[in-house]
Amino acid sequence: MTRLIIDTDPGIDDAFAIALACASPEVELIGVTTVFGNVGLAHTTRNALRLLALYGREDVPVAAGADRPLVHPHAHRSRHVHGEDGLSGLSGSLPERRTGVAGTDAVSLMVRLLDESPEPVTIAPIGPLTNIALLLAAHPSVQSKIERLVIMGGGLSGGNMTAAAEFNIWSDPEAARRVLVEESVPTTLVPMDMTMQCSVDGAWLDQLAASGPRAAALVGLTATYRTHYRSALGRDGLVIHDAVAVAEAIRPGLLHTTAMPVEVDCGQGPARGMTIGDRRAVEVRMQDTPREIDVALTADLDEVRQFLQTRLST
Ligand code: BDR
Ligand code: CA
């Protein structure tokens, strides 16, 4: 069974991702750590606790991490996409968890969970990569206990935050570069190129909402996000980016990957936060090209949507 830690900034698609992990028997969710991102850290942490409460998971430790990027602070959060509280203003409609946050920070919790784990652990970072960069930089000894990072982030053909950059990577490019370029932990990147293909429509959401009370609560959180995606996609539907990445963590191979080096633009110009995938043949690359990571670019899209629908129907 895959042991899984989710590092997250809930966020509506993060909510679907956490729900998916709770509802999947192939994984043991051993911890959830939070980071700033879609909204501020206090909201993302409260949302993570409440989403776990919805699934009856009092047992999963939750710890809060970074409240801002490593190097260049900025005020941008995604309230216009996810709502003022990160869950369309409806966080208060979820049950309160009896168990609060662990008495430690996100990085310390990850270190403890990795150290104590009898076998390597998969980590699914689905927000800015600040906590993960800090973990890998400060605790290199835990790397051998990480089976794989399955990261939602980036876009090889454009972004959603800017024309060049996807939100998670744009939010902390220096952290992203540390993780994607400079580290050596096996990494699968699930960029927008993949997640956008897995968009779901109104009928898919309606079917899910009718399947059970938890699914209804989850779909009920999507109002602000659905409005945003109606404009972005030009039709009723939405993109549950983070759930697509966590689906790959739960069922390795669900997404089809291509190995390539990926650079991150850390400049202050219009390309800041851009992920640049090098799809050239190995033979023609420069010698100091960064390491290769696995980038998910294709999948059986019906299989992905069916997997999400089946698992979330509770
Ligand atoms: C990513 O950015 C956030 O808004 C979502 O939660 C997801 O992690 C998509 O670009
Ligand atoms: Ca997220």
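Trainee: What spacing do the donors of the calcium ion (ligand 2) follow along the chain?

Mentor: This is a predicted model, so keep that in mind throughout. The donors of the calcium ion (ligand 2) are spread along the chain, and their spacing reads D-x4-D-x111-I-x115-D.

Trainee: Which residues coordinate the calcium ion (ligand 2)?

Mentor: The distances run from 2.3 to 2.6 Å. Ile126 gives its O atom. The OD atoms come from Asp9, from Asp14, which is listed twice, and from Asp242. The names are therefore Asp9, Asp14, Ile126 and Asp242.

Trainee: How many residues apart in sequence are the parts that Asp9 and Ile126 tie together?

Mentor: Asp9 lies in the loop between strand 1 (2–8) and helix 1. Ile126 lies in the loop between strand 4 (121–125) and helix 5 (130–138). So the pair ties together parts that are 117 residues apart in sequence.

Trainee: Is Ile126 buried or exposed?

Mentor: Look at the relative accessibility of Ile126, which is 0%. Buried means under 20%. Ile126 therefore counts as buried.

Trainee: Which side chain of opposite charge is nearest to Asp13?

Mentor: Asp13 sits in helix 1 (residues 12–22). Asp13 is buried yet has no salt bridge. A salt bridge needs atoms within 4 Å. The nearest side chain of opposite charge is 14 Å away, and that is Arg77.

Trainee: Which tyrosine does Asp13 touch, not counting residues up to four places away in sequence?

Mentor: The contacts of Asp13 include Asn38, His82 and Asp242. Among them there is also Tyr225.

Trainee: What is the angle between the planes of Tyr225 and Tyr229?

Mentor: A search of the whole structure finds one aromatic pair. Tyr225 and Tyr229 form it, at 4.8 Å centre to centre. Planes over 60 degrees apart count as edge-to-face. This pair is edge-to-face, with an angle of 70°.

Trainee: By how many helical turns are Tyr225 and Tyr229 separated?

Mentor: Both tyrosines are buried. They are four residues apart in helix 11 (residues 223–233). An α-helix has 3.6 residues a turn. Tyr225 and Tyr229 are therefore separated by about one helical turn.

Trainee: How many residues of helix 12 are buried?

Mentor: Helix 12 covers residues 241–250. Its buried residues include His241, Asp242 and Ile250. The helix is largely enclosed by the rest of the structure, because the buried count is 10 of the 10.

Trainee: Which residue in strand 2 stands opposite Thr8?

Mentor: Strand 1 and strand 2 run parallel, joined by seven bridges. Seven of the eight residues of strand 2 (residues 27–34) are buried, so the strand is largely enclosed by the rest of the structure. Opposite Thr8 stands Thr34.

Methods:
Residues are numbered from 1 along each chain as its sequence is written. Chains are lettered from A and ligands numbered from 1 in the order in which they are written. This is a predicted model: local features need pLDDT of at least 70, side-chain atom pairs count only at pLDDT 80 or more; totals for chains, interfaces and linings use all residues. Side-chain values use heavy atoms; hydrogens and water are left out. Buried means under 20% relative accessible area, exposed over 50%, partly exposed in between (1.4 Å probe, protein chains only). Helices (H or I, at least four residues) and strands (E, at least two) are DSSP runs, numbered from the N terminus. Lys and Arg count as positive and Asp and Glu as negative; His and the chain ends are not counted. Contact means heavy atoms within 4.5 Å. Rings of Phe, Tyr and Trp (its six-membered ring) pair if their centres lie within 6.5 Å; planes under 30 degrees apart count as stacked, over 60 as edge-to-face and the rest as tilted. Donors are N, O and S atoms within 2.8 Å of the metal (3.2 Å for Na, K and Ca); water is not among the atoms, so sites may look incomplete. Two strands pair if DSSP finds at least two bridges between them.
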